[in-house]
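Colleague: Please take a close look at one topic in this model, its salt bridges, and explain each term as you go, since I am new to reading structures.

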Amino acid sequence: MEITKETTMGELLMQDMGVAEVLMRCGMHCVGCPSSYGESLEMASMVHGLNPDDVLAEVQEYFDTKEA
C-alpha cells in the first residue's frame with residue numbers, strides 16, 4: 001500500500017491496526033474516534049498541530065520496518 005498525506009486514517013488502520021500506536025506516539029490520540037476515519041493523514045495532523053510530513057515519515061517507517 002502506498003501511503004501519502006491523502007491516505008485516510010481509516011485506510012491506515014484497516015491496513016494495520018498497529019499503526020495506531022505510531023499515530024498516538026505522534027500526538028494523535030483520536031485514532032479511535034469514528035470521525036477521524038474519513039480524515040486524511042494531512043488533515044488529522046494539522047488538526048492536532050502536527051507537521052504532516054513528520055507524521056507521514058513515522059508511519060512510513062513503521063510500515064517499512066514491518067516489511068523488512
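Modeller: A helix here is a DSSP run of H or I with at least four residues, a strand is a DSSP run of E with at least two, and both are numbered from the N terminus. The model is predicted, so local features need pLDDT of at least 70 and side-chain atom pairs count only at pLDDT 80 or more, while totals for chains, interfaces and linings use all residues. Residues are numbered from 1 along each chain as its sequence is written, and side-chain values use heavy atoms, with hydrogens and water left out.

With these terms, the protein chain has 4 helices and 0 strands, and its pattern along the sequence reads α-α-α-α. Its radius of gyration, taken over C-alpha atoms, is 11 Å, close to the 11 Å given for 68 residues by the globule rule (2.2 Å times the number of residues to the power 0.38), so the chain is as compact as a globular protein of that length.

Now to the salt bridges, each of which is a side-chain nitrogen of Lys or Arg within 4 Å of a carboxyl oxygen of Asp or Glu. A search of the whole structure finds 3 of them.

Let us begin inside one helix, where Glu21 and Arg25 form a salt bridge with their closest N and O atoms 3.7 Å apart. Both residues belong to helix α2 and stand 4 residues apart, which is about one turn of the helix. Both are also exposed, a word used for over 50% relative accessible area, whereas buried means under 20% and partly exposed lies in between (1.4 Å probe, protein chains only).

Another salt bridge joins the side chains of Asp53 and Lys5, at 3.1 Å from N to O. This pair links distant parts of the chain, for Asp53 is in helix α4 and Lys5 in the segment before α1, 48 residues apart. Asp53 is partly exposed, with a relative accessible area of 45%, and Lys5 is partly exposed too, at 24%.

The remaining pair deserves a longer look: the side chains of Lys66 and Asp16 meet in a salt bridge of 2.8 Å, N to O. Because Lys66 lies in helix α4 and Asp16 in the loop between α1 and α2, the pair ties together parts that are 50 residues apart in sequence. Asp16 is buried, with a relative accessible area of 13%. Its side chain also makes a polar contact of 3.0 Å with the side chain of Tyr62; a polar contact is a pair of N or O atoms within 3.5 Å, where, within protein, one must be able to donate a hydrogen and the other to accept it, and residues adjacent in sequence count only if both atoms are side-chain atoms. If contact means heavy atoms within 4.5 Å, and neighbours within four places in sequence are left aside, then Asp16 is in contact with Tyr62, Phe63 and Lys66.

Finally, a word on the surroundings. Buried residues make up 41% of the 68 residues in the protein chain. Among contacts between residues at least 6 apart in sequence, 60% join residues at least 24 apart.
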